[in-house]
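Let us take a walk through this structure together, from its ring contacts to its pockets and its overall build. Please have the sequence and the 3D view open as you read.

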Amino acid sequence: MTAEKTTGLVIRLADFSESSRVVTLFTRDFGKISAIAKGAKRLKGPFETALDLLAESHLVFLRKSSGGLDILTECQLMARFRPPAGNLNCLYGGYYVAELLAGLTEEYDPHPVLYDEAVTTLRRLTMEPDFRWPVLRFEVVTLREIGLLPDFQACLACGLTVGDHTNLIFWMSQGGLLCPNCRQPEEASHPIHGATLSLLDQLAAEQPPPVPTNPIPSKILSELRHLLTAGICQPLQRRPKMLGFLPF
Ligand SMILES: [Zn+2]
């Protein structure tokens, strides 16, 4: 067994025995790991609050060579996730971040950019009045980082560039766009406006877009929600549980 050091976010906790827990962490250098935290259930245990859900810590763990669970040996708290009192959207937004990281990443498949984005998202959720922008940004970056952000630049069938076309069609089963010429009427599809695609482009950029100062039309928001929900449900093979708690 090798001792590894990194930083990580707690994304899932389960009881293992009377005194121990199994902790799933999304780490910056190793991606998702599952480790036993011995003594974690004792009141004055070795890990104290460092194992709260979504806490970020410096970690040392012993990496199992074959299969089994890793063993968490040190966990030094850097930051806790602390939603303002009564702010359920912030709390559920944080749980949603944990659910996406747990469901859409693989063990030992590191994504440092996604890790940094998750930390930023949790901080933004506790500071910004509208939970939607940090959450939308996180969803788009997650899909981009795991290589599943659909191509919203061109028609899937003929390659026509989207440009200023406003009546393109989102084709759910293929996770991309079809132009009006290529769309078959019998296929399940959903209309998408140019303004939705340009918002999506901004959300996918390396630098997060500024929080909109004017309200985004609800039609655009609901199209964006539809695209992202479809994009996430496909690899997850179910609807994320926490999404139902977020009032988009
Ligand atoms: Zn086409």
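Six aromatic pairs are found in the structure, which is a predicted model. A good place to begin is the edge-to-face pair of Phe30 and Phe61, with ring centres 5.4 Å apart and 85° between the planes. This contact links distant parts of the chain: Phe30 sits in the loop between β2 (21–27) and β3 (31–37), while Phe61 belongs to strand β4 (residues 56–63), 31 residues apart. Phe30 and Phe61 are both buried.

Now turn to Tyr92 and Phe245. Their ring centres lie 5.1 Å apart with the planes at 50°, so this pair counts as tilted. Since Tyr92 is part of helix α1 (residues 88–104) and Phe245 is in the segment after α5 (218–236), the pair ties together parts that are 153 residues apart in sequence. How buried or exposed is Phe245? With a relative accessible area of 44%, Phe245 is partly exposed, because that value falls between the 20% under which a residue is buried and the 50% over which it is exposed. Another ring to look at is that of Phe248, where Arg225 lies over the face, 4.5 Å from the ring centre.

Let us go back to Phe30 and Phe61 for a moment, as they form one aromatic cluster with Tyr108. Tyr108 is found in the loop between α1 and α2 (112–127). At 27% relative accessibility, Tyr108 is partly exposed. The backbone of Tyr108 deserves a look too: its phi is positive, about 55°, although Tyr108 is not a glycine. As a reminder, most residues other than glycine have a negative phi.

Which other non-glycine residue has a positive phi, of about 70°? That residue is Leu54, and its place is in the loop between β3 and β4. Leu54 has a relative accessible area of 2%, so it is buried.

The pockets come next. The largest pocket holds about 230 Å³ of space. Its lining is made up of Ile11, Arg12, Leu53, Tyr95, Ala98, Glu99, Ala102, Gly103, Arg238, Lys241 and Met242. β1 (2–15) and α1 are the elements that give two or more residues to this lining, and α1 gives the most, with five residues. By class, the lining of the largest pocket divides into six nonpolar, one polar and four charged residues. Where does the largest pocket lie with respect to the two domains? Domain 1 (1–80) and domain 2 (83–248) both give residues to its lining, so the largest pocket lies between them.

The second largest pocket has a volume of about 170 Å³. Among the residues that line it are Leu13, Arg21, Lys41, Arg42, Phe47, Glu48 and Asp52. Its lining has five nonpolar, two polar and five charged residues.

With these details in place, step back to view the whole chain. Its secondary structure comes to five helices and eight strands. Read along the sequence, these elements follow the pattern β-β-β-β-β-α-α-α-β-β-β-α-α. The C-alpha trace spans about 65 × 40 × 30 Å along its principal axes. Of the 248 residues in the chain, 46% are buried.

Two more loop residues can help you find your way across the model. Phe131 has its place in the loop between α2 and α3 (132–145). Is Phe131 buried or exposed? Its relative accessibility is 7%, so Phe131 counts as buried. From Phe131 to Met1, 130 residues apart along the chain, the C-alpha atoms are separated by 42 Å.

The other residue, Asn181, is in the loop between β7 (176–178) and β8 (189–192). Asn181 counts as exposed, because its relative accessibility is 73%, and the cut-off for exposed is over 50%. The C-alpha atoms of Asn181 and Leu72 are separated by 56 Å, with their positions 109 residues apart along the chain.

Key
Residues numbered from 1 in each chain as written. Predicted model: local features only at pLDDT ≥ 70, side-chain atom pairs only at ≥ 80, totals over all residues. Heavy atoms only, no water. Phe/Tyr/Trp six-rings, centres within 6.5 Å; stacked < 30°, edge-to-face > 60°. Helix = DSSP H or I, 4+ residues; strand = E, 2+ residues; numbered from the N terminus. Buried < 20%, exposed > 50% of the residue type's maximum accessible area, 1.4 Å probe, protein only. Lys NZ or Arg CZ within 6 Å of the ring centre and 35° of its normal. 1 Å grid on protein atoms, 1.4 Å probe; cavity = no way out; pocket = protein on both sides within 12 Å on 5 of 7 lines; lining within 4 Å. Points joined across faces, edges and corners; volume = space filled by probe spheres on them. Nonpolar A, V, L, I, M, F, W, Y, C, P; charged D, E, K, R; others polar. Domains from an automatic or database assignment.
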